[in-house]
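Thanks for coming, everyone. Please bring up the model on your screens, and we will walk through it together.

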Amino acid sequence: MISIRQRKGIQTTEVSEDYVAQEENVKLENKLPSSCTNRRLWTILSFTIGGTVALCIGLLTSVYLATLHENDLWFSNIKEVEREISFRTECGLYYSYYKQMLQAPTLMQGFHGLIYDNKTESMRTVNLLQRMNIYQEVFLSILYRVLPIQKYIEPVYFYIYTLFGLQAIYVTALYITSWLLSGTWLSGLLAAFWYVTNRIDTTRVEFTIPLRENWALPFFAIQIAAITYFLRPNLQPLSQRLTLLAIFISTFLFSLTWQFNQFMMLMQALVLFILDSLDMLPAVKKILNLKSDEHIFKFLKAKFGFGATRDFDANLYLCEEAFGLLPFNTFERLSDTLLFYAYIFVLSITVIAALAVAFRNLSYSTNQQSMYKMGEYTIGLKPETAYNLIHTILFGFLALSTMRMKYLWTSHMCVFASFGLCSPEIWELLLKLIHLYNPKRICIMRYSIPILILLYLCYKFWPGMMDELSELREFYDPDTVELMNWINSNTPRKAVFAGSMQLLAGVKLCTGRTLTNHPHYEDSSLRERTKAVYQIYAKRAPEEVHALLRSFGTDYVILEDSICYERRHRRGCRLRDLLDIANGHMMDGPGENDPDLKLAGHPRFCEEIKRNLPPYTAYFTRVFQNKTFHVYKLSRNK
């Protein structure tokens, strides 16, 4: 532990108050199990109980989330096409590659189909293993084909149960991190309880199962736990090597499974740089071996006020709620479980300690007169605590600015708050500041308060959780089911479809047809293609739209009323508005327009085509219609 030391001039017979306090704490904790006087036996017993609780709480969380998913969709009873439709937007795209690998006659043909794919983007051959993070789907498909389990479990269940199983690993890793920081498994139990009771804000796995973050975050949590342990001073060489191996494997798997891993790695590098700059890292542990994301930087530039933009891609992100600021009601929900109050309490104390230690390190460096003018008590901060402190602060800024990233912060919030309430160092510092320090009080506070919070959480949220588990609903989307069945029955297998990114992911999964565009947006040429396809919702002439769509080999285009007549977003953020602005046209409806925007020379395509006027019927023929979707076949004549 980094601490402020006494001057050299002190006599060797004198002992610091902190040392005496720590000795008293150890003696007191040794006396707690009155029936066990052997400290080694107590440690083994505590480790066994804590480890068992960790495994049980992880498995229970996994079963709980899987049950909610089943109850919400009646997944076991609905048709296969409905199961696939339930994987919305990009989730369906990712799952389609798992399905594609299973349907391939051989593994080699499956790999060939992914490396030389010409169905995901029409008129292009794409190496999907290079473009997308789908190694997990490939690995699962190989496992399913190799293992003798086909008679016992369906492919879709093997897939979703793997994801819910990873949630067990995720919660266990959070539990272990909190335990490592506080020194008691009670802290880990509290972290797990908070994770579950704040489920709305800590995970969305039960309704977006195949999302890349649901694969990646468990490995990220393992990495944080491993780094937390690695930063402990005086580890044995074997322990260091095994921990480094865990860090390497978890980082590798995290990077392999999420397309945004580079931003998280950058953040971690920043955390370690700050710790090193403030001299908060142990000396054997300071060695570090150290156009596709352009839209992210445009989005960040516009989001943080570095100039307005008319860039379609940047505005597409800015107008989505998931990429907006964290809503204030999030803090209300987190406060309802006492998590936010506990987090602010622990964060305040650790920030004070960190500032004091940083000031000492920057002011005195290795000067041994660092205790001078620091008052009666020493202040210290363990390296692993400092690491998690800076992590949670950076996660907080990220979540506050971009709501989609809140799942990084809220899960770590559970760890950090539970650690602080069970940490002897936190209570020691607080009690000394208010002149109520006593070793017995520390022991009482670090155990009684977490237990009281656990009892409160059980009392308040257990009935609601039981109600959730007993509430039965059913997946219902007849219009989309009708569309997918029509495509399967009435269009050629090699037909090319254009439409919204979200819908086309489902088209590929349910029908296997070729797409013009899709939701994996991390490619500049795909973004340009998507903008061109989306002209079906802009004010463009039919011949212009036809030419654009045919340039991508489109045979059919799907129009959605929910986009054409969208009301979910405010004016200026509707997809049709973003297209109008990007095209230099004035937006529809009452409200202001930028002075340089002009009236369009043509009506909106998605509205006008439904009138079946000759300029449109010459290029497009309606072949399917229901309450939600309109499908038009493109003529091959220019």
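Three helices each give at least two residues to the lining of the largest cavity: α8 (155–182), α11 (212–230) and α19 (406–422). Keep in mind that this is a predicted model. How much space lies in the largest cavity? About 110 Å³. Its lining has 15 residues. Closest to the centre are L174, A221, I224, S411 and H412. Click on those five and you are looking at the middle of the cavity.

Now the chemistry of that lining. It divides into 12 nonpolar residues, 3 polar ones and no charged ones.

Next, the second largest cavity. About 40 Å³ of space lies there. Which helices each supply at least two residues of its lining? α8 and α11 do. You have met both already, in the lining of the largest cavity. α11 gives the largest share here, with 3 residues.

Here is the full lining, so you can select it. Take Q167, Y170, Y195, T202 and T203, then R204, E213, N214, L217 and Y407. How do these divide into nonpolar, polar and charged? There are 4 nonpolar, 4 polar and 2 charged residues. Recall that the lining of the largest cavity has no charged residues.

On to the cysteines. How many disulfides does the model have? The count comes to 1. The pair is C564 and C606, with sulfur atoms 2.0 Å apart. This pair links distant parts of the chain. C564 sits in helix α26, C606 sits in helix α28 (residues 605–608), and 42 residues separate them. Which hand does the disulfide have? The torsion about the S-S bond is about 80°, so the disulfide is right-handed.

Are those two cysteines buried or exposed? The cut-off for buried is under 20% relative accessible area. C564 has 1%, so C564 is buried. C606 comes out at 0%, so C606 counts as buried too.

Two other cysteines deserve a look. C91 has a relative accessible area of 3%, so C91 is buried. C443 has 8%, so C443 is buried as well.

Stay with α26 for a moment. Follow the chain into the loop between α26 (561–564) and α27 (575–582), and you find E566. Is this glutamate buried or exposed? E566 has 8% relative accessibility, so E566 counts as buried. What does E566 contact, leaving aside its neighbours within four places in sequence? The list is D561, R574, L575 and R576. Take R576 from that list. R576 is 10 residues from E566 along the chain, and their C-alpha atoms are separated by 8.3 Å.

Last stop, a pair of strands. β6 covers residues 620–625, and β7 covers residues 629–634. In which sense do they pair, parallel or antiparallel? Antiparallel, over 5 bridges. A hairpin joins β6 to β7, through 3 residues. To see one bridge up close, select F624. Its bridge partner in β7 is V631.

Quick recap before we stop. The largest cavity has about 110 Å³ of space, and the second largest has about 40 Å³. The disulfide joins C564 to C606. E566 is in the loop between α26 and α27, and β6 and β7 form an antiparallel pair.

Methods
Residues are numbered from 1 along each chain as its sequence is written. This is a predicted model: local features need pLDDT of at least 70, side-chain atom pairs count only at pLDDT 80 or more; totals for chains, interfaces and linings use all residues. Side-chain values use heavy atoms; hydrogens and water are left out. Two strands pair if DSSP finds at least two bridges between them. Helices (H or I, at least four residues) and strands (E, at least two) are DSSP runs, numbered from the N terminus. Buried means under 20% relative accessible area, exposed over 50%, partly exposed in between (1.4 Å probe, protein chains only). Contact means heavy atoms within 4.5 Å. A disulfide is a pair of cysteine sulfur atoms within 2.5 Å. On a 1 Å grid over the protein atoms alone, a cavity is a set of points where a 1.4 Å probe fits but cannot get out, and a pocket is an open set with protein on both sides within 12 Å along at least five of seven lines; lining residues have an atom within 4 Å of a point. Grid points are joined across faces, edges and corners, and a volume is the space filled by probe spheres set on the points. Ala, Val, Leu, Ile, Met, Phe, Trp, Tyr, Cys and Pro count as nonpolar, Asp, Glu, Lys and Arg as charged, and the others, Gly among them, as polar.
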